[in-house]
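Below are some comments on this model, set out as numbered points for discussion. They go from a single position to the core and then to the contact between the chains.

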Amino acid sequence: MYVLEIQNVSKVYKAKKKSIIGVDHVSLTIRDGEIFGIVGYSGAGKSSLLRCINLLEQPTDGQILIDGQDLTKLKGEKLRQARLKIGMIFQHFYLISQKTVGENIEFALKAAKLPKESRNERVEELLNMVGLTDKKDVFPSQLSGGQKQRVGIARALANNPSVLLCDEATSALDPTTTTSILRLLKKINRELGITIILITHEMDVVKEICDRMAIMQNGKVIEEGPVYDIFANPEKPLTQEFISSIVSFDIPSAILQNVQGQIVKILFKGDIAGEGVISDMLQQFKVQGNFLHGTIEYIQEKPLGIFLMELDGQVEDIKRSISYMENRGVTVEVLDHVI
Amino acid sequence: MLFDPSHFAEMLPDIWKAFGQTLLMVGIALSIALVIGLPLGLLLFITSKGLFSTSRSGLLGNRFINIVVGFIVNLIRSIPYIILLVALFPFTKWLVGDTIGPIAASVSLSVASTPFFARLVETSLREIDKGVIEASIAVGATRWMIIKDVLLPEAKSGVIQGVTMTIISLVASSAMAGIIGGGGIGDLAIRFGYYRYDNTIMIATVVILIVIVQVIQLAGDAIAKVVDKR
């Protein structure tokens with residue numbers, strides 16, 4: 001079952017004389033229970049798209065379907081009810097500064113008209129979930145960034161939403177705090193089955209927790225798919241640029257000058273990484289191998305090994321060794337021949 | 001002699017009476033400014049154009065109300081108090097049956113300070129981070145909840161500073177009301193200090209006004225700081 005469908009959504013902002021296209025005919029299908037990442041530079045339209053999902057911004061065109069219901073057709077009370085089931089967290093948390101942590105969470109419960117007796121209990125439950133049981137009567141100003149985001153998460157989850165929207169939720173946090181918030185999001189996703197849509201400009205975030213991803217540029221989705229596949233085989237230049245922030249293969253020119261043979265890029269996906277394909281190949285063929293660069297990234301706990309290797313020997317032997325590796329399930333890409 | 005202590009002592013009952021009248025005028029006008037100005041400022045904010053004006057976002061975007069209320073507020077605020085005071089004589093006469101005395105003066109003081117305070121309320125509401133309001137809309141809060149649990153608490157400190165400014169401006173205006181016999185400290189200053197060249201009373205009234213304003217400002221700042229949890 002599909003939980004959320006973004007169909008042909010556009011958002012045009014009317015400025016003084018010209019109109020600016022924020023989101024340009026985007027269609028995405030978010031599956032029930034997945035963590036979906038939308039990546040792009042600022043101004044790519046990812047934030048506008050996210051805000052169209054809960055109608056903080058009214059799309060100029062297109063539909064937002066949640067469990068078959070078109071949100072763009074809703075108004076007033078019906079829209080408010082629908083929003084109760086869509087949680088949202090923000091880069092700058094946006095907590096009510098004059099209310100305590102407990103009151104901030106209770107605010108969401110009041111919106112759902114939960115009776116007073118059950119509210120207190122639910123607040124405790126939520127604080128427990130985000131690990132802030134002792135902060136109930138504290139004001140947001142006394143919390144660290146990570147703790148504020150935890151309050152934001154508790155507030156967003158208060159009414160058991162089916163979807164959680166994360167608007168650059170970790171961008172204002174330091175790396176350690178980012179990791180702990182991402183862990184919390186993943187826990188929420190796995191334990192409560194809440195679908196998460198997050199936007200970010202940090203590929204680390206996507207690599208860490210997303211199942212699938214989309215890359216946006218100039219208001220359009222230019223590439224989408226499972227995170228692992230996109231990391232293994234980025235097609236568009238922008239995607240490659242983003243991936244290179246994680247997996248970079250710049251070989252110093254001094255080393256390149258000494259390269260005698262053929263440079264190949266070898267990709268191990270999943271379990272293949274452990275099979276010793278390269279040592280088998282080197283034993284079978286009259287080829288000398290020399291590693292120039294390499295890394296193994298774990299994406300969703302699945303290893304992705306990327307190596308740059310120099311293969312030296314007879315041209316025929318090199319060709320045969322490459323097809324041997326390919327037969328064993330390794331992706332080999334021949335890079336420019338350097339003599 | 002510039003300041004005659006014995007004359008001051010002799011005038012003390014009059015000074016006390018005038019002080020009481022000033023408090024009465026300012027008190028009445030302030031109460032009305034708070035009761036009417038606060039909702040008016042809120043109305044100006046929630047009907048204004050911007051993020052919350054679209055009917056979908058939940059708050060009450062209404063350009064017509066905003067323009068009409070804004071126009072009336074600006075209209076009153078553009079009239080100098082001394083002219084407003086005189087212009088309102090017929091209204092004051094109709095309302096309280098008299099145009100002289102502190103009660104009569106409090107009518108024009110109320111009319112002048114209500115839009116002043118309303119604009120100050122609106123300004124403090126504008127200082128609230130839009131994101132906080134947006135987050136409340138996203139959470140599914142009703143309009144009333146956003147007003148009661150977000151807008152008012154978040155603007156509280158700014159509104160208290162607005163009250164301070166309103167009181168101080170009322171004290172200044174109330175002194176002006178003395179010119180037409182409104183009573184109070186200003187009345188005393190004009191009748192004795194100005195018409196009779198009574199320096200003692202002039203100095204005494206000026207000192208009293210300075211002390212009142214300083215005390216209110218300090219108290220206002222302190223309260224605004226205490227209630228602010230940021």
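1. In this predicted model, A:Asn8 belongs to strand β1 of chain A, which covers residues 2-14. The residue counts as exposed because just 11 other C-beta atoms are found within 10 Å, and a residue is classed as exposed at 12 or fewer.

2. Leaving aside residues up to four places away in sequence, A:Asn8 makes contact with A:His25, A:Ser27, A:Asp61 and A:Gly62. A:Leu157, by comparison, is separated from A:Asn8 by 149 residues in sequence, and the C-alpha to C-alpha separation in space is 28 Å.

3. Which residues touch the most other members of the largest nonpolar core? Within this set of 148 residues, they are A:Ile105, A:Ala154, A:Leu165, A:Ile197 and A:Met213. The largest share of the core nevertheless comes from α7(B), which supplies 13 residues. Domain 1 (2-244) and domain 2 (253-334) of chain A both contribute residues as well, and the core therefore lies between them.

4. For A:Ala154, the contacts beyond four places in sequence are A:Ile105, A:Leu126, A:Leu127, A:Met129 and A:Val130; among these, A:Ile105 is itself one of the core residues that touch the most other members.

5. As for the contact between the chains, 22 residues of chain B meet 25 residues of chain A. On the chain B side, the elements that give two or more residues are α6 (130-139) and α7 (143-177), with α6(B) giving the most, at seven residues. Sorted by class, that side of chain B consists of nine nonpolar, five polar and eight charged residues.

Note on methods
Residues are numbered from 1 along each chain as its sequence is written. Chains are lettered from A and ligands numbered from 1 in the order in which they are written. This is a predicted model: local features need pLDDT of at least 70, side-chain atom pairs count only at pLDDT 80 or more; totals for chains, interfaces and linings use all residues. Two residues are in contact if their C-beta atoms, placed from the backbone, lie within 7 Å. Helices (H or I, at least four residues) and strands (E, at least two) are DSSP runs, numbered from the N terminus. Ala, Val, Leu, Ile, Met, Phe, Trp, Tyr, Cys and Pro count as nonpolar, Asp, Glu, Lys and Arg as charged, and the others, Gly among them, as polar. A residue is buried if 20 or more other C-beta atoms lie within 10 Å of its own, exposed if 12 or fewer, and partly exposed in between; C-beta atoms are placed from the backbone. A nonpolar core is a set of buried Ala, Val, Leu, Ile, Met, Phe, Trp, Tyr and Cys residues joined through C-beta atoms within 7 Å. Domain bounds come from an automatic or database domain assignment.
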